[in-house]
Amino acid sequence: MKINSCFFREIRLKKYVSSILLAMGCCLGAQTINVGGSNWTVSVPTITEAGTNYAGTYESATNLITLSGNLPGSFLNLLTSGAARVSVHHTPTTWNSNLHLYAKRSGGSATISGLCVLCTATINGGTTYVEIPQAVDTAFFTINFTGVLGLSNSVSYTGINTQLQISGVSVIVPATTYNTQVVFTIGAN
């Protein structure tokens, strides 16, 4: 018995990746998160034997999404923990509750500019898959910094590669195209 399904040959997981700027008041410069990348279409092989299921879990390229941005000094001065948090959620257009979406990061660098004494900036966390919930942000990774801030400080971060994973693909999931938008937010930790 051969089962053919447009859905299972191709799950279209469109990530209309967007960025959200956090505004903490009119006196602050905006911290930014820039998102680059492309849509991800999951190719699921055709089942050719009765009683067979799909692999269930599929991964994108390791650099499907690239994140970069800037944290201005006015924002850094407000952070009592010395860290900014990048959070993630997804907003489905069409989705099935059996499908689960995950993200993990690799690489990336953070640098502090301006006058700063004994300053360092690091990117921490997110190197193992984190489930991306619907509509509610969950912590993805943090950008930590230490040192004595001086004049015209800012933290720039670049080259944070993000990989997506989808699980729950099964013959019990109805055959259709599923789409969702992945949203990244940056703010205080």
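The following legends describe an overview and close-up views of a predicted model.

**Figure 1. Overall fold of the predicted chain.** The chain comprises 189 residues, of which 41% count as buried. Its secondary structure consists of 2 helices and 14 strands. Among contacts between residues at least 6 apart in sequence, 85% join residues at least 24 apart. The exposed area of the chain is about 9,000 Å², and carbon and sulfur atoms supply 53% of this area.

**Figure 2. Surroundings of R105 in strand β8.** Strand β8 spans residues 100–106 and includes R105. The R105 residue is buried yet forms no salt bridge. E59 is the nearest side chain of opposite charge, at a distance of 15 Å. Beyond its neighbours within four places in sequence, R105 is in contact with I123, N124, G125, G126 and T127. Further contacts of R105 in this set are F140, F141, I160, N161 and T162.

**Figure 3. Polar approach of the R105 side chain to the backbone of I123.** A polar atom of the R105 side chain lies 3.2 Å from the backbone oxygen of I123. I123 is also among the residues in contact with R105.

**Figure 4. Nonpolar surface patch formed by V117, L118 and V148.** These three residues, V117, L118 and V148, make a patch of about 330 Å². L118 belongs to strand β10, which covers residues 116–124. L118 counts as exposed because its relative accessibility is 76%, and the cut-off for exposed residues is over 50%.

Technical notes: Residues are numbered from 1 along each chain as its sequence is written. This is a predicted model: local features need pLDDT of at least 70, side-chain atom pairs count only at pLDDT 80 or more; totals for chains, interfaces and linings use all residues. Side-chain values use heavy atoms; hydrogens and water are left out. Patches are made of residues with over 30% relative accessible area and no salt bridge: like charges are joined within 9 Å, nonpolar side chains (Val, Leu, Ile, Met, Phe, Trp, Tyr) within 5 Å. Accessible areas come from the Shrake-Rupley method with a 1.4 Å probe; for residues, only the protein chains shown count as cover. A salt bridge is a side-chain nitrogen of Lys or Arg within 4 Å of a carboxyl oxygen of Asp or Glu. Helices (H or I, at least four residues) and strands (E, at least two) are DSSP runs, numbered from the N terminus. Buried means under 20% relative accessible area, exposed over 50%, partly exposed in between (1.4 Å probe, protein chains only). Lys and Arg count as positive and Asp and Glu as negative; His and the chain ends are not counted. A polar contact is a pair of N or O atoms within 3.5 Å; within protein, one must be able to donate a hydrogen and the other to accept it, and residues adjacent in sequence count only if both atoms are side-chain atoms. Contact means heavy atoms within 4.5 Å.
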